[in-house]
Every structure is written in structure tokens, then in C-alpha cells.
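Could you walk me through this structure, one selection at a time? I have it open in my viewer and would like to know what to click on next.

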Amino acid sequence: MLTQPYTWVDVSSAFGRKLTFEYTMAAGNYTGSREDAGGVFYEGAGNCLVKKVASTNIDGWIVGSTWTQRCGIYVPKTTGSAKVYYYNLGTTTHIPGQPEHLIAGKPSSYDNANTAALNTVATTPGLSPVQAGIGAGLGAAVGGALLEAREEAIRVNAQFLIYQPDQAELRKAFGIH
């Protein structure tokens, strides 16, 4: 459980260029989503990680731009570093400099199933109503299965942030001893 938002700053600089990101993890319940031999992955609700361009002198980065991603915290079973992770695929809502009209919302399972069903019917002219119904049903099932597979791939392929927050502060924020 994260009782209040947790924020930290990451500063990167090289060759006179400087980029400062401010990360914030949303307060809320982080529930165990999976486990491996080393520890447990706790996932936050929705897009719980906000990344903000706090300052920069690099062209193309817009100060104040933010984007969100699904996230969580990995807690080792033994003494070791807890790590913030995120899901990169299908979670970005805004990338600095990207026009708003290019940001596509994630389709719902209904949208995917409906599209698959319509494609089944549309690409097979001359179907009887019964055949069309069966085809649409199969299309919906395949669409739903594809969505579930995509969601599983996102969930399993967690990526750790390159620059992690201070370990003592992170553990304290989450109440990890």
C-alpha cells in the first residue's frame, strides 16, 4: 500500500545536455500480480506512473510534458533492492512533442471482438445468416483471445526503470522492511 503519492527526480547529463525527469507513483493499493524465483511483482491500478519533463536544454523535449504508464514495484523475497517497473506496450498516453490527435486510446475488448466479427462477415460474401452468425461468433472469440494474449504479454514483460529511486526512501514509502 502506498498511502501518498511517491515522487523522485532523475537527472541525466552528458556533453552539456541535461534532462531532468520527475517520476510520481500514484497512491493506492499495489496488489501481487505475479511471482518469480526472486520476488513478487506488485501492480498499481491504472496508469500509476507519471513521468514529467521537469527541465531540459535539449531540443525536442517540452518542459512540463507528462505521460503515464502502468506500473508496479518488484519486492525481492530476500534482502535485495526493490525496483519500480512499468509496462511499455500500450500504456503511453502522451509523449513529449507528440500532437494530441496522434494519441490513440487503447481499444476495449468489445471493440477488438466486434472488429474481428465484422471482418469475418465482410470478407466472406454470400454467407447465409446462420453462417454469418457462426463466423461473427468465432471472430468475436478470436478477437477476445487475441486481446487476452496481448494483455498477458504486457503483464509478463515488465521493464525496470533504468534509474531507480533511492532504495531507503522507496522501501519506506511502501512500508517494506
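This tour goes through strands, a disulfide, salt bridges and a pocket, in a model that is predicted.

**Stop 1: the open sheet**

Switch to a cartoon view and select strands β3, β4, β7, β8 and β9. Together they make an open sheet of 5 strands, in the order β3-β4-β7-β8-β9, and the pairing is antiparallel. Which strands lie at the edges? They are β3 and β9 (159-160), each of which pairs on one side only. As background, strands of a sheet pair through backbone hydrogen bonds, and they can do this in a parallel or an antiparallel way.

**Stop 2: β3 and β4**

Zoom in on β3 (residues 31-35) and its neighbour β4. These two strands are antiparallel partners, paired over 4 bridges. Follow the chain from β3 to β4 and you pass through a hairpin with 3 residues in between. To see one matched pair, select Arg34 and Phe41: Arg34 stands opposite Phe41 in β4.

**Stop 3: β4 and β7**

Stay on β4 (39-43) and look across to β7. How many bridges pair β4 with β7? There are 5, again in the antiparallel sense. Two residue pairs are good to select here. Val40 has Val75 in β7 as its bridge partner, and Glu43 stands opposite Gly72 in β7.

Now turn on a surface and ask whether β4 is mostly covered or mostly open. It is mostly covered, with 4 of its 5 residues buried. While you are on a strand, keep one general point in mind: in a regular strand, side chains alternate between the two faces of the sheet.

**Stop 4: the disulfide**

Select Cys48 and Cys71 and show their side chains as sticks. They form a disulfide, with sulfur atoms 2.0 Å apart. The pair links distant parts of the chain: Cys48 sits in the loop between β4 and β5, while Cys71 belongs to strand β7 (residues 71-76), 23 residues apart. If the term is new to you, a disulfide is a covalent bond between the sulfur atoms of two cysteines.

Is this disulfide left-handed or right-handed? The torsion about the S-S bond of Cys48 and Cys71 is about -135 degrees, so the disulfide is left-handed. Both Cys48 and Cys71 are buried. The count for the structure comes to 1 disulfide.

**Stop 5: two salt bridges**

Next, look for charged partners. Side chains of opposite charge can pair when their charged atoms come close. How many salt bridges does a search of the whole structure find? It finds 2.

Begin with Lys77 and Glu35. Lys77 forms a salt bridge with Glu35, and their closest N and O atoms are 2.8 Å apart. Lys77 is in the loop between β7 and β8 (83-86) and Glu35 is in strand β3, so this pair ties together parts that are 42 residues apart in sequence. With the surface on, you will find that Lys77 is partly exposed, at a relative accessible area of 48%, whereas Glu35 is exposed, at 53%.

Then move to Glu43, which you met at an earlier stop. Glu43 forms a salt bridge with Arg70, the closest N and O atoms being 3.3 Å apart. This pair also links distant parts of the chain: Glu43 is in strand β4 and Arg70 in the loop between β6 and β7, 27 residues apart. Are Glu43 and Arg70 buried or exposed? Both residues are buried.

**Stop 6: the β1-β2 hairpin**

Move on to β1 and β2. These strands run antiparallel and are joined by 9 bridges. For a matched pair, select Asp10, which stands opposite Phe21 in β2.

Then select Phe15, in the loop between β1 and β2. Phe15 has a positive phi of about 55 degrees although it is not a glycine. Its relative accessibility is 86%, so Phe15 counts as exposed.

**Stop 7: the largest pocket**

Finish at the largest pocket, which has a volume of about 220 Å³. Of the 14 residues that line it, select the ones closest to its centre: Tyr23, Lys51, Tyr86, Leu161 and Ile162. Which strands each supply at least two residues of the lining? They are β1 (6-14), β2 (17-25), β5 (49-56) and β6 (66-69). Colour the lining by class and you will find 9 nonpolar, 3 polar and 2 charged residues.

Note on methods
Residues are numbered from 1 along each chain as its sequence is written. This is a predicted model: local features need pLDDT of at least 70, side-chain atom pairs count only at pLDDT 80 or more; totals for chains, interfaces and linings use all residues. Side-chain values use heavy atoms; hydrogens and water are left out. On a 1 Å grid over the protein atoms alone, a cavity is a set of points where a 1.4 Å probe fits but cannot get out, and a pocket is an open set with protein on both sides within 12 Å along at least five of seven lines; lining residues have an atom within 4 Å of a point. Grid points are joined across faces, edges and corners, and a volume is the space filled by probe spheres set on the points. Ala, Val, Leu, Ile, Met, Phe, Trp, Tyr, Cys and Pro count as nonpolar, Asp, Glu, Lys and Arg as charged, and the others, Gly among them, as polar. A disulfide is a pair of cysteine sulfur atoms within 2.5 Å. Buried means under 20% relative accessible area, exposed over 50%, partly exposed in between (1.4 Å probe, protein chains only). Two strands pair if DSSP finds at least two bridges between them. A salt bridge is a side-chain nitrogen of Lys or Arg within 4 Å of a carboxyl oxygen of Asp or Glu.
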